[in-house]
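Colleague: Before I rely on any of the labels given to this chain, I would like to hear the reasoning behind them. Could we go through them one at a time?

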Amino acid sequence: MTNAGGVVVVGSFNVDHVWRCPQLPAAGATLAGEYTCGPGGKGFNQAMAAVRAGASTTFVCALGSDVGAGLVRSLAQANDIKLRAHASEAPTGTAGIFVDAQGRNSIVIGAGANAALSTGFVNAQADVFATASVVLAQLESPLSAIEAGLNAARAAGAVAMLNPAPANATVPSALLALCDVISPNETEFAALLATHCGEQVDGNAIAGCDDDRLHSLARRLLPGGSVIITLGACGLFVSHPAHALRGDDGASYRIAAEAANVVDTTGAGDACNGAFAASLALRPQRPFRDHAIFANHYAARATEQPGAALAMPHCHPSPPTPAASS
């Protein structure tokens, strides 16, 4: 049973250094571009999406004692995000991002303080987990801290949701076993299949797989939980175990991508995850499909603005339709 509460995001904050250029730089190339700097990190992006989608949101993270930490503290206050931050001697996390004229990106992360988020600190936030509907985590923080957050979700009766990103991060079987919902993109899904199922699938071919094949792969990967595969321009694919359809009328289905005037795809996956968590927290009795449709819509809108965290739109899911009076 989902708590009547909000969203807790356990994860990373980075100061994003962004260069926009006509094409992504090749090895050895020097390009002219436009530079901007702003807030990001998968955890903070998802927290911003959740709160701007209308959910009460707490962000559990680690920060240094520097300008970057001041930035996240001021943004959290301005956006009504409740911040629980472990103080680290390391600098606040950073990311270098290149974005081309088509909105595609390449990213390099400097973990900094994100690597210092501890199990002890996460466990000390028991009061916020106790009132959460959804706990959402990613893989830019230590696995032990992520595991602590998902364990806390299970203990509190909240939905334990993992966005297994980035794709090069290791996901132990014990961590997957704690998840009610996972939300990989094509590359991440292929990496998880290779690690946990011994199944070699080209990530670029995932969107083109037929539904029965994708559903079968998802069931092998997470037998007891729901899988949302984000497919970029091809939308979403959802797979449930037969015994837990979460209000849906089928065990698997696709949701087509929405049209968007794409400016920047940075943070689109984070927008999808944060919006899904918010929708589930706000409307726990609605079918899973409704949350996925809203998340798909929200992610499309997020690509229409430059940046990551600051590109998250103020866009709330529709309330449940009132029952007709008799």
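Modeller: Let me begin with a rule for size: the radius of gyration is taken over C-alpha atoms, and the globule rule is 2.2 Å times the number of residues to the power 0.38. Please keep in mind throughout that this is a predicted model.

Colleague: How do you know whether the radius of gyration of the protein chain agrees with that of a compact globule?

Modeller: For 326 residues a compact globule would have a radius of gyration near 20 Å, and because the protein chain has 19 Å, the two agree. Along the principal axes, the C-alpha atoms fill a box of roughly 60 × 45 × 45 Å. Buried residues, meaning those under 20% relative accessible area, make up 53% of the 326 residues. Among contacts between residues at least 6 apart in sequence, 68% join residues at least 24 apart.

Colleague: Why is D80 called exposed or buried?

Modeller: Exposed means over 50% relative accessible area, and D80 has 58% relative accessibility, so D80 counts as exposed. This residue lies in the loop between α2 (67-78) and β5 (81-87), and its phi is near 60 degrees, a positive value in a residue other than glycine.

Colleague: What makes R246 exposed, partly exposed or buried?

Modeller: Partly exposed covers the range between the 20% and 50% cut-offs, and R246, at 33% relative accessibility, therefore counts as partly exposed. R246 is found in the loop between β12 (236-239) and β13 (252-255) and has a positive phi of about 55 degrees although it is not a glycine.

Colleague: What makes such backbone angles worth pointing out?

Modeller: Most residues other than glycine have a negative phi, and most peptide bonds are trans. A cis peptide bond joins A165 and P166, with omega about 5 degrees; P166 lies in the loop between β9 (159-162) and α6 (173-176).

Colleague: What makes up the lining of the largest pocket, in terms of nonpolar, polar and charged residues?

Modeller: About 1400 Å³ of space lies in the largest pocket, and of the 48 residues that line it, the closest to its centre are N105, N185, T265, A268 and G269. The lining divides into 19 nonpolar, 21 polar and 8 charged residues, where Gly is counted among the polar ones. The largest share of the lining, 5 residues, comes from α9, while the elements that each supply at least two residues include β2 (14-20), α1 (42-52) and α10 (288-302).

Note on methods: Residues are numbered from 1 along each chain as its sequence is written. This is a predicted model: local features need pLDDT of at least 70, side-chain atom pairs count only at pLDDT 80 or more; totals for chains, interfaces and linings use all residues. Side-chain values use heavy atoms; hydrogens and water are left out. On a 1 Å grid over the protein atoms alone, a cavity is a set of points where a 1.4 Å probe fits but cannot get out, and a pocket is an open set with protein on both sides within 12 Å along at least five of seven lines; lining residues have an atom within 4 Å of a point. Grid points are joined across faces, edges and corners, and a volume is the space filled by probe spheres set on the points. Helices (H or I, at least four residues) and strands (E, at least two) are DSSP runs, numbered from the N terminus. Buried means under 20% relative accessible area, exposed over 50%, partly exposed in between (1.4 Å probe, protein chains only). Contact means heavy atoms within 4.5 Å.
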